[in-house]
Amino acid sequence: MMYPLVMDPHQPDITDEALVVLVQGNNEEAFGVIIERYQGRLLRYGRRFLSDNDHIEDVVQGVFIKTYQNIRSFDATRRFSPWIYRIAHNAFVNELRRKHREPLSFIDFDALAAHPSYEHDPAGEEDKKMMQALVESGLDALPAIYKEIIILFYIEELSYQEIADVLRVPLGTVSVRLRRGREALKKEIKKQNPIQ
Amino acid sequence: MANEPDIKTKVLEKISRGDIHRRPKVYFVAQVAAILMLLAAAFALSVFVMSFVIFSVRESGEQFLLGFGRQGVATFFILFPWAALALDVLLFFVIEQLSRYFKFGYRLPVGRALASILALALISATVIDLTPFHGALLSRADQNELPILGEWYEAIHASHKDQGVFRGVVTSIQKGGFTIAHDDGDYDADDGAWTVVAPAGFDVRTINVGDGVYVAGNIVQGAVHAYGIQKL
């Protein structure tokens, strides 16, 4: 799709991809609109993923700086959202490594074999709403690998394909990791509230 | 969003001050080209190593050990070029990691990606083995004209005295055995002459002076008591 370079970046219906084309064409105001659109989402993603991190604003600021530096590598025929989430994912993982709080496995066992993938959550919308509520209480206890996928699916509401592109894993891995994360979260919440 | 820190102002200020710049498109094109080149180089090297393994097993005669009974099979596994194979496996992992930069790479499960790389390398190596490529390099190595990989190629025709494996040309025939010699003119460790005692049931009349032979056996009082003999 071709976007005109003289659009008003403040138009409410302007797409992210059209804004990126404007930024690629030296329109810095358009980059301001991109920041407005994603600042809240990335802060929320980062706060949940990194939890008790005091420098999350600096990390997210770094994400926007990287986005600006690499904006010319973005292909505007694709969706912008997974692309910026990918940059954020890398920044958050680096932050985790820097703080040595979470040992990140070199071998991703979930990505070793082929798994069947479900484009739609097999547990359905009701389960999704329930999980969104549960996420608030048990997320911190989960390993980063499951925590992140739960945030991306239940909080950021990215599709399986978008998550696969953000994490650079096969679609089947998203499916299996999400299922394991969901089970781990439910187990954790049961541990916290044994009466329920 | 009023309570959120003013990231927007900070970033836009950095942009207007010129502290951060958009990288030119050519930077990204060069990055992709560099990764593709590395990928191609790693794949070419892995195909070369794999085709060398196939060529070396075939050319050295080690494949015959598999037909020499249990002791032959055990010796085959001892003599197999494991170091080259290990290098190839390492290269497969490098290729898999490099390919993750691209969609076609990360969308495949790691196991399937590695299996695909192995299949592709094996097919390419088999095709290369059909060409005179390694044979030409072996000839150059035999004439001491292959400086870098010369030792790899020279080892192909070497006898392995410790394992009782010898190859050479029959120089004389005696009752129940024969004598072989190997001399490729370089006066190194693979040169020598050995007396071979043929195994029970082996018809020495099938062997003629001048024949190339591959012999596996146990050394008893200086003679090779063969458990397997193969004419080359």
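A residue is called buried here when its relative accessible area is under 20%. The model is predicted, and the word buried recurs throughout this account of chain A and chain B.

Chain A is the place to start. Its secondary structure consists of eight helices and zero strands, so that, with helices counted as DSSP runs of at least four residues, the order from the N terminus reads α-α-α-α-α-α-α-α. Of the 196 residues in chain A, 53% are buried. The surface that chain A exposes is about 9,700 Å², and 53% of that surface is supplied by carbon and sulfur atoms. As for contacts between residues at least 6 apart in the sequence of chain A, 65% connect residues at least 24 apart.

Two helices of chain A can be followed in detail. Helix α1 of chain A covers residues 16-24 and is mostly covered, with eight of its nine residues buried. Those buried residues are A:Asp16, A:Glu17, A:Ala18, A:Leu19, A:Val20, A:Val21, A:Leu22 and A:Val23. What do the buried residues of α1(A) pack against? Their partners are three helices of chain A, namely α2 (28-50), α3 (56-69) and α4 (80-99). After α1(A) comes A:Asn26, which has a positive phi, near 75°.

The second helix is α7 of chain A, at residues 160-167. Seven of its eight residues are buried, so the rest of the structure largely encloses this helix. The buried set is made up of A:Tyr160, A:Glu162, A:Ile163, A:Ala164, A:Asp165, A:Val166 and A:Leu167. Within chain A, these residues pack against α4, α6 (144-155) and α8 (171-192). The packing of α7(A) also involves chain B, through helix α5 (103-106) of that chain. Helix α4 of chain A has therefore appeared twice, as a packing partner of α1(A) and of α7(A), where contact means heavy atoms within 4.5 Å. Following α7(A) is A:Arg168, whose phi is positive too, near 55°.

Chain B combines both kinds of element, with eight helices and five strands. Read from the N terminus, the helices precede the strands: α-α-α-α-α-α-α-α-β-β-β-β-β. Of its 232 residues, 40% are buried. The accessible surface amounts to about 12,600 Å², with 64% belonging to carbon and sulfur atoms. Among contacts between residues of chain B at least 6 apart in sequence, those that join residues at least 24 apart account for 61%.

How does the radius of gyration of chain B stand against that of a compact globule of 232 residues? Such a globule would be near 17 Å, whereas chain B has 28 Å. Along the principal axes, the C-alpha atoms of chain B fill a box of roughly 100 × 35 × 30 Å.

The domain assignment divides chain B into domain 1, residues 21-152, and domain 2, residues 159-231. Taken over C-alpha atoms, the centres of these two domains of chain B are separated by 33 Å. To the contact between them, domain 1 contributes 14 residues and domain 2 contributes 13 residues.

Charge is the last topic. Chain B carries 19 positive and 22 negative side chains. The centre of the positive set and the centre of the negative set lie 16 Å apart.

Notes:
Residues numbered from 1 in each chain as written. Chains lettered and ligands numbered in written order. Predicted model: local features only at pLDDT ≥ 70, side-chain atom pairs only at ≥ 80, totals over all residues. Heavy atoms only, no water. Helix = DSSP H or I, 4+ residues; strand = E, 2+ residues; numbered from the N terminus. Rg over C-alpha atoms; globule rule 2.2 N^0.38 Å. Buried < 20%, exposed > 50% of the residue type's maximum accessible area, 1.4 Å probe, protein only. Areas by Shrake-Rupley, 256 points an atom, 1.4 Å probe, with all protein chains shown as cover. Lys, Arg positive; Asp, Glu negative; His and termini not counted. Charge placed at Lys NZ, Arg CZ, Asp CG, Glu CD. Domains from an automatic or database assignment.
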